[in-house]
Amino acid sequence: MKAMVYHGPNDVRYESKPDPDLHHPDDVILRITCSAICGSDIHLYHGFVPDTRVGHTFGHEFTGIVEEAGPGVRHLARGDRVVVPFNISCGTCFYCERDLFGMCENSNPNSEIASGVFGYSHTTGGYDGGQAEYVRVPFADVGPFKIPEDMEDEDVLLLSDVFPTGYQAAEMGGIEEGDTVVVFGCGPVGLLAQKSALLMGAGRVIAVDGVPYRLDFARVYNGAETVDFRDHADPVRHLKELTDGRGPDVVIDAVGLEADGSPMHDFLGRLLKLEAGAATVIEWAIHTVRKGGTVVLIGVYGPPWNLVPIGTAMNKGLTFRMAQCNTRRYMPHLLEHIREGRVDARGIISHRMPLSEVASAYRMFGERTDECRKVVMYPSH
Ligand SMILES: NC(=O)c1ccc[n+]([C@@H]2O[C@H](COP(=O)([O-])OP(=O)(O)OC[C@H]3O[C@@H](n4cnc5c(N)ncnc54)[C@H](O)[C@@H]3O)[C@@H](O)[C@H]2O)c1
Ligand SMILES: [Zn+2]
Ligand SMILES: [Zn+2]
């Protein structure tokens with residue numbers, strides 16, 4: 001088959017590799033119908049994720065049609081059309097039984113760090129991802145979600161990750177009616193966290209980014225107030241001024257380890273790699289939020305310690321919530337939001353390309369050129 005193949009930082013190619021096959025009776029093989037590139041893939045692409053091996057295929061946001069089902073699979077059959085959560089979850093372990101699918105302890109030998117994830121290095125199990133013509137899906141009765149006949153692949157594609165992730169971020173914020181919520185990041189995750197905060201009753205949503213076209217879209221898509229952090233020498237002070245001097249009730253970090261805006265964190269985290277990426281937004285979030293408020297981290301960081309003002313957080317009595325998304329748990333509910341027209345998840349998608357152009361798709365999304373928000377790639381088969 002043809003697939004995206006990793007060769008090293010900033011070097012991904014469209015190449016032939018062997019078709020996947022069934023490893024276990026509970027696997028299915030999916031013929032991919034479309035797959036997206038995520039901000040998390042850009043961390044891999046830039047070489048920030050340990051044990052990303054040459055030959056690995058990325059891609060954890062995809063839809064497909066069952067080509068072959070193992071003999072143990074009960075709920076799926078050849079021809080079924082599904083959207084698949086990015087986490088690989090067994091369905092029966094301690095965590096899966098509690099709907100904490102992102103913490104599954106049976107799908108990754110390194111499960112203390114994370115569950116298995118499609119196309120996300122050997123740190124999360126080494127499973128090849130869906131930026132390919134075919135993919136192997138383990139525990140196929142657990143994750144894959146059948147797409148209703150009246151819905152198209154693109155309508156539900158973002159249920160594989162960024163919509164549940166944005167929604168869980170807002171949920172972890174414990175938003176109460178009328179709350180003020182600041183969301184750092186206007187990528188797909190940030191946009192859907194903003195949307196979800198409004199669905200949950202937020203009175204004000206202030207969206208922060210440093211890329212003007214993304215801020216413009218946050219205004220159009222969510223009616224958010226926006227702040228370009230590049231316009232302010234001290235973005236924290238500006239955000240406090242906008243929120244009665246006290247700060248917002250909830251701050252969500254939807255940026256993660258490649259944050260811009262602090263030469264110190266850039267140098268220590270991204271260049272020297274002495275901390276797990278640039279901890280800029282964690283620091284800004286702690287200082288911005290009001291006392292007694294909640295900070296939610298949904299942006300991805302590596303495991304090592306970050307230079308974050310933890311003493312300030314303690315003195316302010318903050319609540320921290322953070323997690324990998326428990327994607328599967330939210331899919332049925334969020335599907336209804338899409339179906340009822342309350343959320344146009346498809347509207348986030350800005351570019352559609354053939355999978356053969358995967359190298360330029362990564363460049364464009366990674367460098368945020370051509371007003372790119374989300375790229376969906378179609379294999380030619
Ligand atoms: N926890 C999870 O389950 C989960 C799932 C999906 C994605 N993620 C993570 O969420 C993050 C966002 O993903 P995405 O797909 O939206 O990525 P993205 O790269 O499209 O968006 C990140 C945005 O942050 C902006 N930004 C950079 N520095 C900033 C700063 N200092 N303040 C405000 N904005 C800043 C960028 O301009 C960009 O628009 C990534 O870290 C990704 O890995 C986590
Ligand atoms: Zn993703
Ligand atoms: Zn499990």
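A residue counts as partly exposed when the number of other C-beta atoms within 10 Å of its own falls between the exposed limit of 12 or fewer and the buried limit of 20 or more. Keep that in mind as you explore this predicted model.

**Stop one: Y95.** Select Y95, which sits in helix α2, residues 94–97. Y95 has 19 other C-beta atoms within 10 Å, so it is partly exposed. Now show its contacts: beyond the neighbours within four places in sequence, Y95 touches L100, M103, C104 and E105. Next, add N110, which is 15 residues from Y95 in sequence, with 15 Å between their C-alpha atoms.

**Stop two: the two domains.** Zoom out and colour domain 1 (2–161 + 325–378) and domain 2 (163–322) separately. Their centres, taken over C-alpha atoms, are 26 Å apart. Where they meet, 24 residues of domain 1 contact 21 residues of domain 2. On the domain 1 side, α1 and α11 (327–339) each supply at least two of these residues. That side comprises twelve nonpolar, seven polar and five charged residues.

**Stop three: ligand 1.** Centre on ligand 1, which lies between the domains because both of them give residues to its shell. Of the 34 residues around ligand 1, select the ones that come nearest: G39, S40, G187, V189 and G256. Then highlight α1 (39–45), α4 (162–172), α5 (188–199), β11 (204–209) and α9 (280–288), the elements giving two or more residues to the shell. Which element gives the most? That is α1, with four residues. Finally, colour the shell by class to find 17 nonpolar, 13 polar and four charged residues.

Terms used:
Residues are numbered from 1 along each chain as its sequence is written. Chains are lettered from A and ligands numbered from 1 in the order in which they are written. This is a predicted model: local features need pLDDT of at least 70, side-chain atom pairs count only at pLDDT 80 or more; totals for chains, interfaces and linings use all residues. A residue is near a molecule or strand if its C-beta atom, placed from the backbone, lies within 6 Å of it. Ala, Val, Leu, Ile, Met, Phe, Trp, Tyr, Cys and Pro count as nonpolar, Asp, Glu, Lys and Arg as charged, and the others, Gly among them, as polar. Domain bounds come from an automatic or database domain assignment. Two residues are in contact if their C-beta atoms, placed from the backbone, lie within 7 Å.
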